[in-house]
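Welcome, and please open your viewer so that we can walk through this model together. Each stop tells you what to select and what you will find there.

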Amino acid sequence: FQNIFDSTKSIESTISMGFIDFSTRIMLPQFYQFIGNPINKTCLEIGFGGGRLLNAASRFFGKCYGVDIMNKDSQKRVCEFLDKSGATNIELFLRDDVDKIPFRSVDFVYSFIVFQHFESIDEIHYYLNFLKRAMNENGIGILYFGLNEHDKNDVYTKPESVASLELNHHHAATLFLSEQYGEKLVGEYFNVLGGGRTLKKPWTTDTSDLSRQFFIVFSNS
């Protein structure tokens, strides 16, 4: 089941990589200046997939929310994975149920390898609107977007039928943005604090081996 979302050799490997990715790509050191001690704070992940990042987040935060478009059977399997991993402070929601997340209840939001799978910019606007409602006044977040390396336009949309030929449906990348446009888009809703790109693996030193995603850091104040 975990291989649907991230290639893995074992559940142990999935859990380990979840902690590595969360601590190096999501919970950046500068965020503590805004959040303070996260142990009594609330985080939210858009696109929780198999739950590996939420599992890690649950050790940092007192409460974690997750949102995804999967069906209820898959959601149940994620819950089973999290329960077996000892992550008991997590609540999962399907996309159409996000209004159940309390208004202004979230201190920190993140999404990794998700927005690049959307079919259109409209879906990004949907989630940015949702985050504007869910985040508290001092909330902060980090979102990753697929980088447009296909042409010089702000937005490149790859037909899902084409993307699915390259990888299986669950991994099909369809939506890519320029970094400038991504910043402008997030800036319509939030205060953009910065952004950039990361190496594909945090232990590599080859600066030419950059991820095909870029991130934007923003605050709600």
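A residue is called buried under 20% relative accessible area, exposed over 50% and partly exposed in between, using a 1.4 Å probe and protein chains only. By that rule, F145 is buried because its relative accessible area is 1%. This is a predicted model, where local features need pLDDT of at least 70 and side-chain atom pairs count only at pLDDT 80 or more, while totals for chains, interfaces and linings use all residues. Residues are numbered from 1 along each chain as its sequence is written, and side-chain values use heavy atoms, leaving out hydrogens and water.

Keep F145 selected and add F115, its edge-to-face partner, with 5.2 Å centre to centre and 80° between the planes. (Rings of Phe, Tyr and Trp, the last by its six-membered ring, pair if their centres lie within 6.5 Å; planes under 30 degrees apart are stacked, over 60 edge-to-face, the rest tilted.) F115 sits in the loop between β4 and α5 and F145 in strand β5, so this pair ties together parts 30 residues apart in sequence. Helices (H or I, at least four residues) and strands (E, at least two) are DSSP runs, numbered from the N terminus.

Next, select F31 and F108, both buried. Ring pairs link these two with F22, F60, F61 and Y110 into a cluster.

Finally, pick L131. Leaving aside neighbours within four places in sequence, L131 is in contact (heavy atoms within 4.5 Å) with L44, I46, V109, L143, F190 and F218.
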